[in-house]
Structure formats: C-alpha cells, structure tokens
Amino acid sequence: MSDLQSATSPRRMKATHPTPLVATITTLLAAMLLVLSSSLAFAAPIDPSTAPAYLRLESHEVAEGETLLGIAERYGISAQTILWANELGNGELLRIGQTLVILPVSGVLHQVKRGETINSIAQDYGVEAKDIVDANAISDAELIRVGDYVLVPGGVKNASPEEPPAAPAAVTYTVKPGDTINSIAAAFGIKVSSLLAANGLVNPDYLKIGQQLTIPGGQQPAAASPVAPPPTPQPTASPAPAPQEPQQGRSDTSSRGEAGSGRSFVATVTTYCLSGRTAIGTPVRWGVVAVDPRVIPLGSRIQIDGFAEVFVAEDTGGGVWGNWVDIWYPNCPEARIFGTQARRVTILD
C-alpha cells in the first residue's frame with residue numbers, strides 16, 4: 001500500500017491526532033476571537049485602560065437614572081465633548097451599562113492622519129498649537145506619528161461637507177403641570193428621541209414642573225402650551241366625598257374642612273430611586289418622600305391617595321418645589337412605570 005493510501009485509510013485516521021500545525025492554527029483563532037470580543041465589548045474608539053497615560057482618559061459606565069448632562073457636570077466637561085469622544089450622534093440615546101470614554105478637559109480626542117502636523121491640527125480645531133503640545137506632554141512637535149492620539153483642549157469639531165446645514169437656533173420650554181415628553185414633542189412637531197437627546201434625558205418619565213427643556217430646531221408650538229390649564233376647583237363647605245382620581249397636574253390648596261384631618265391638597269406626585277441619604281441625613285428607604293419644605297415641613301407625616309402607607313417628609317430636591325411630592329422607590333423600573341401623577345395629599349402632623 002502506498003504512503004497516500006495508508007494515510008487516508010479508516011484504520012490510520014482513527015488513530016491520527018491533531019498535528020502541531022492544526023493545534024497552532026486553533027490557538028491563533030481562539031486568540032483572535034478573544035481580542036475581537038474584547039473590542040466589541042468596548043464600543044468607543046479607544047479603550048482608556050490601554051490608552052497612553054498622557055491622555056489621562058477615564059471610563060464611565062452609564063447607570064440607571066443618569067443623563068448626558070449629569071455625567072458631563074460630574075466630570076467638569078461639556079456634554080458635546082462626551083458625544084465627540086464616543087462618536088455618538090446628537091440624536092443617539094445613552095444606554096444603561098454603556099461604557100463611555102471621558103476626557104480630562106472639554107475638547108476633542110484626535111487621531112493623527114498622514115500629512116498632519118500639530119499646527120494643522122490646531123488650525124482645524126481652532127486652538128493654539130501650544131495648547132496641544134502642553135496637554136500631551138510633547139517634547140518635539142515634529143515627532144508625532146500617524147495613528148497617535150492627541151488631546152485637543154477646547155477643540156470644536158466642524159460639520160463635514162456631507163452634513164446638512166445647521167438647524168435653526170433651539171428654543172426653551174418650561175415644563176408645566178400635566179406635560180409629558182410625548183405631549184411636548186407633539187406640540188413642537190419634533191421626534192421624542194430628538195427632544196430626549198437635546199436635553200440629555202435617559203428616563204423620559206422623569207420630568208419636573210418648572211424644568212427647562214431645549215427644543216431643537218427652533219420650532220414654535222401650535223399653541224401657547226401643549227396642555228391646556230385645568231379649571232380652578234371651587235371650595236365647598238361640606239366634607240368632600242371619597243376622592244376621585246384628580247386631573248393630572250391640577251393645583252388645589254383648598255382644605256377639606258374636616259376637624260383634625262390636617263391640610264389637604266392635590267399635588268404632582270413623582271418617584272425617584274437614587275441611593276444615599278436624605279436631606280436630613282437619614283438613609284433613603286420606602287416611606288420617604290422629598291418635598292418643598294415651604295409647603296410640607298420636613299419631618300411631617302403625610303397620606304397620599306392610593307397608598308395605604310403613611311409617608312414621612314425627610315428629603316428635598318432641586319426640582320421639587322410647590323405642591324410637589326417625590327416618593328422614593330426601591331425599584332427603578334417600578335418608579336418609571338408610576339411616572340407623573342396628580343394625587344391628593346393630606347398632611348397628618
């Protein structure tokens with residue numbers, strides 16, 4: 001039998017083991033898949049853990065309830081800097097668990113291309129060449145290499161020729177009782193996703209009365225307000241019957257007139273699920289609400305229609321003012337489902 005015949009016979013194939021060449025190829029393929037999976041797990045253009053130390057990059061994982069503006073404020077940089085560093089479009093929303101590249105200062109992270117110099121890069125982004133040299137600890141401005149990353153402090157990306165003309169200047173809208181993201185977007189004739197992105201909002205259900213929203217595109221609403229103001233309730237001397245679900249966002253500061261029952265009014269009720277401590281130093285927990293102390297004194301016990309529990313006013317918030325009650329929820333998905341509602345609130349003591 002020839003060597004070829006014996007090498008391909010069933011008896012010889014049964015006893016054959018992988019050759020060193022096959023094992024080597026298998027190992028290389030496994031390593032390539034590992035590198036590919038690692039790169040896919042980090043969608044940003046550069047991984048801070050492997051980036052040069054002189055760039056001073058950080059990474060941030062988007063958590064429940066965070067917004068683009070909030071993250072930018074935390075690191076002391078502009079929201080646009082985060083969008084540029086992570087190659088995100090203005091209409092692209094953040095995702096919970098998404099990893100973001102964070103620059104040490106506001107500006108642009110630029111990868112050097114063939115033919116570029118420090119001076120040409122500075123001119124492209126409208127900054128001084130010295131600022132780039134200082135920010136990147138460059139000893140010789142002539143020695144930058146193609147593929148290197150350089151930090152451009154204060155740099156601004158210009159629109160490419162392929163991009164459409166710049167949109168008209170945005171207008172500002174103040175959230176009113178009863179407003180929702182959907183109703184505001186519909187009133188101004190824009191997409192909900194555009195409104196969320198323009199304001200760095202992750203949770204579309206978490207609006208505050210009095211909150212300032214940027215309306216992209218500069219459109220004017222069809223009416224003065226997306227939600228018509230509700231009628232003012234008329235007080236009555238007789239005790240009120242079992243309360244009905246009030247119209248969302250209606251303000252009512254009239255007393256029920258029941259002896260010993262405490263002051264009662266209709267409030268805008270929302271929820272939050274942040275961890276930490278309250279304004280008076282106690283841990284957040286179920287039964288705690290944030291209030292405006294000018295309306296409901298801290299330490300007061302209150303009853304909210306629809307809840308069997310008695311809540312305690314222990315917290316405050318920058319967006320909580322007037323007839324507003326913010327209930328702490330231990331579960332963020334449930335908090336989002338609750339949204340914004342109008343409920344009757346009674347101060348017990």
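In the predicted model, glycine 76 adopts a positive phi of about 70°, just after helix H4. The helix itself spans residues 68-75. Three of its residues, Leu68, Ile71 and Ala72, are buried. Viewed down the axis of H4, the buried residues fall within an arc of 100°, so they line one face of the helix. Glu73 and Arg74 lie on the other side of H4 and are exposed. The cover over the buried residues of H4 includes strand E1 (58-61), helix H5 (79-85) and strand E2 (99-102).

The loop between H5 and E2 contains glutamate 87. Its relative accessibility is 60%, and over 50% counts as exposed, so glutamate 87 is classed as exposed. Glutamate 87 and valine 101 are 14 residues apart along the chain. Their C-alpha atoms are separated by 9.9 Å.

Overall, the protein has 10 helices and 12 strands. It comprises 349 residues, of which 37% count as buried. The accessible surface comes to about 20100 Å². Carbon and sulfur atoms contribute 57% of that surface. Among contacts with a separation of 6 or more, 68% are between residues 24 or more positions apart.

Strand E6 (residues 212-215) shows alternating side chains. Leu213 and Ile215 point to one face and are buried. Gln212 and Thr214 point to the other face and are not buried. Strand E5 (residues 171-174) runs antiparallel to E6, and four bridges join the two. Within this pairing, valine 171 of E5 stands opposite isoleucine 215 in E6. The E6 partner in that bridge is thus one of the buried residues of the strand.

Six strands form a closed barrel. Their order is E7-E11-E8-E10-E9-E12, and the pairing is mixed. From one strand to the next, the twist averages 45°. One antiparallel pair in the barrel consists of strand E9 (residues 301-304) and strand E10 (residues 310-315). Three bridges hold this pairing. In one of them, glutamine 303 has valine 310 in E10 as its bridge partner.

The model contains one disulfide. Cysteine 273 and cysteine 332 form it, with their sulfur atoms 2.1 Å apart. The pair links distant parts of the chain, 59 residues apart. Cysteine 273 sits in the loop between strand E7 (264-272) and strand E8 (288-291). Both of these strands belong to the barrel. Cysteine 332 lies in helix H10 (residues 332-338). The torsion about the S-S bond is about 105°, so the disulfide is right-handed. The two cysteines fall into separate accessibility classes, with buried meaning under 20% relative accessible area. Cysteine 273 has a relative accessible area of 23% and is therefore partly exposed. Cysteine 332 has a relative accessible area of 16% and is therefore buried.

Technical notes: Residues numbered from 1 in each chain as written. Predicted model: local features only at pLDDT ≥ 70, side-chain atom pairs only at ≥ 80, totals over all residues. Heavy atoms only, no water. Disulfide = S-S within 2.5 Å. Buried < 20%, exposed > 50% of the residue type's maximum accessible area, 1.4 Å probe, protein only. Arc of directions from axis to C-beta. Contact = heavy atoms within 4.5 Å. Areas by Shrake-Rupley, 256 points an atom, 1.4 Å probe, with all protein chains shown as cover. Pairing = 2+ DSSP bridges. Axes fitted to C-alpha atoms, helices over the stretch in contact; angles between N-to-C directions.
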